[in-house]
Amino acid sequence: MTETLSLARARRIALAAQGFGVTRPAGTVDLRQVGRVADRLGLFQIDSVNVVVRAHYLPLFSRLGAYPRGVLDRAAWARPMRLFEYWAHEASLLPLDLHPLLRWRMAEAERGERIWAGLKVFAGEKRGEADAILARIDADGPLAASEIAGTRGRSGWWEWSDAKAALEWLFWAGLVTTRTRRGSFERVYDLPERVLPRTVVDAATPDPAEAQRALIARGARSLGIATAADLRDYFRLKPGDAAPRIAELVEAGVLIPAKVEGWGQPAFLHRDAKVPRRIGGQALLAPFDPLIWERSRTERLFGLRYRIEIYTPAEKRVHGYYVLPFLLDEALVARVDLKADRQARRLIVQSAHREAHAPAETAERLAAELRLMAGWLDLDDVAVRGDGDFGSALAAALR
């Protein structure tokens, strides 16, 4: 039986599944609250762009408000760790219980399958060089790529790119993991058994089909309502792997076939999805927030065509360099191109645009969220210094 959903209902399901519509905590956020959000979302995508703050910090801010960023650092890179790094959607921080579910991907990488072309050589003709680095980590302890450059490898002096590539293959193959980050966010690698909790290292490894089924179920729970393409995108599964697993989850009653108003593709509702009567609140969303990272789904759910324009030449950008959509209750109503000017201690709004359906209170509520973000980033104020059709109204609200 197929369930039919209005677009508004599907939107509320998606927002609730992603942790929106609940009151932000009034006190100091602790590791348990970070863990609950991590479990709900399944991962925090890591990205190197630091124009506002690194991307993995933002989904927690969107849902919890001005939490201490050091809490996430402790969860990921202190002991006992609660999150680990691996390739999931992209490079990601993940709850520890997902480690066994990704070992089939690690095994493929060790065989040189489904990884970047430049890394495959370390599964074959350059395996000895990767093994030499692995032996050095085993003997000498944690190591960063910059510590290998300029030292002698099996075929001569290591170049940084060669060392980094070998370490990345070892990382993708699960033979090393990230122990910590340092300096300009450089990974420091170590053996998994010296980083991960013993319970994780000793956990049984499911077969690939079982693991992929669990990953799709996890993605479905985080999305609430999704198409097959949405489900496989969450943990970046291949269509040939995902299709039979989705069918099995439908058969098991975990996924309920659904039809969403205006969607051209069949959808699937997770059996535990909540259907709130309304969603309230506001949030600035990172470009890599799981609510909006699949751009076609964002357009289907919210009617917003959103693209990140970092790699677009400046003269061709429509909305700006690093644009965060603004979620107000159940709609995406504006977008702001932000930059943290750490020297001047200001959060700069380089441009602001409103959507046609934005309600009258949008400027005031967006201003409040920008002030909250500025304080969270240890900045003193917010300044509107750019263009866009919403800049003047936002500047007035900030005053």
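Helices and strands in this tour are DSSP runs, numbered from the N terminus, with at least four residues for a helix (H or I) and at least two for a strand (E). The model is a predicted one.

**Stop 1: two loops with a positive phi**

Begin by selecting arginine 345, whose place is in the loop between β14 (331-341) and β15 (346-354). Most residues other than glycine have a negative phi, and most peptide bonds are trans. Arginine 345 is not a glycine, and yet its phi is positive, at about 60°. With a relative accessible area of 37%, arginine 345 is partly exposed, because that class covers the range between the limits of 20% for buried and 50% for exposed.

Move next to aspartate 378, which is found in the loop between α14 (362-376) and β16 (381-387). Here too the residue is not a glycine and has a positive phi, in this case about 65°, and its relative accessibility of 47% makes aspartate 378 count as partly exposed.

**Stop 2: a cis peptide bond**

Select arginine 79 together with proline 80 and display the backbone, where a cis peptide bond joins the two residues with omega at about 0°. Proline 80 itself is found in the loop between α4 (69-77) and β3.

**Stop 3: the surroundings of histidine 89**

Continue to histidine 89, which lies in the loop between β3 and β4 (91-95). Is this residue buried or exposed? Its relative accessibility is 4%, so histidine 89 counts as buried. Leaving aside residues up to four places away in sequence, histidine 89 touches Leu43, Gln45, Asp233, Tyr234, Phe235, Arg236 and Trp293. Two of these neighbours can be picked out for their polar atoms: the backbone oxygen of aspartate 233 lies 3.0 Å from a polar atom of the histidine 89 side chain, and the side chain of arginine 236 makes a polar contact with the side chain of histidine 89, also given as 3.0 Å.

**Stop 4: salt bridges**

Side chains of opposite charge can pair when their charged atoms come close. The count for this model comes to 35 salt bridges, and three of them are visited here.

Start with arginine 9 and glutamate 3, whose side chains meet in a salt bridge with an N to O distance of 3.5 Å. Arginine 9 is partly exposed, having a relative accessible area of 29%, and glutamate 3, at 27% relative accessibility, also counts as partly exposed.

Then select glutamate 85 and arginine 187, where the salt bridge between the side chains has an N to O distance of 3.0 Å. Glutamate 85 belongs to strand β3 (residues 83-87) and arginine 187 to strand β8 (residues 186-190), so this pair ties together parts that are 102 residues apart in sequence. Both glutamate 85 and arginine 187 are buried.

The third pair is arginine 114 with aspartate 241, joined by a side-chain salt bridge of 2.8 Å, N to O. Since arginine 114 lies in the loop between α5 (103-110) and α6 (127-140) while aspartate 241 lies in helix α12 (residues 239-251), the parts tied together by this pair are 127 residues apart in sequence. Arginine 114 counts as partly exposed at 40% relative accessibility, whereas aspartate 241 counts as buried at 15%. To close this stop, select Glu85, Lys164, Glu168, Arg181 and Arg187 together, as salt bridges that share partners join these residues into one network.

**Stop 5: helix α1 and two helices it meets**

Two packed helices are described by the angle between their axes and the distance between the axes. Select helix α1 (residues 7-17) and helix α13 (residues 295-302), whose axes come within 9 Å and cross at roughly 130°. That angle makes α1 oblique to α13. In this contact, Leu7, Ala10, Arg11, Ala14 and Leu15 of α1 meet Arg297, Arg300, Leu301 and Phe302 of α13; by class, the contact has six nonpolar, no polar and three charged residues.

Finally, keep α1 selected and add helix α10 (residues 208-223), where the two axes come within 6 Å and cross at roughly 110°. The helices α1 and α10 are therefore roughly perpendicular to each other. Show the side chains of Ile13, Ala14 and Ala17 in α1, which meet Arg221, Ser222 and Leu223 in α10; the residues of this contact divide into four nonpolar, one polar and one charged.

Key
Residues are numbered from 1 along each chain as its sequence is written. This is a predicted model: local features need pLDDT of at least 70, side-chain atom pairs count only at pLDDT 80 or more; totals for chains, interfaces and linings use all residues. Side-chain values use heavy atoms; hydrogens and water are left out. Axes are lines fitted to C-alpha atoms, for helices over the stretch in contact, and angles run from 0 to 180 degrees between N-to-C directions. Angles under 35 degrees count as roughly parallel, over 145 as roughly antiparallel, 65 to 115 as roughly perpendicular and the rest as oblique. Contact means heavy atoms within 4.5 Å. Ala, Val, Leu, Ile, Met, Phe, Trp, Tyr, Cys and Pro count as nonpolar, Asp, Glu, Lys and Arg as charged, and the others, Gly among them, as polar. A salt bridge is a side-chain nitrogen of Lys or Arg within 4 Å of a carboxyl oxygen of Asp or Glu. Buried means under 20% relative accessible area, exposed over 50%, partly exposed in between (1.4 Å probe, protein chains only). A polar contact is a pair of N or O atoms within 3.5 Å; within protein, one must be able to donate a hydrogen and the other to accept it, and residues adjacent in sequence count only if both atoms are side-chain atoms.
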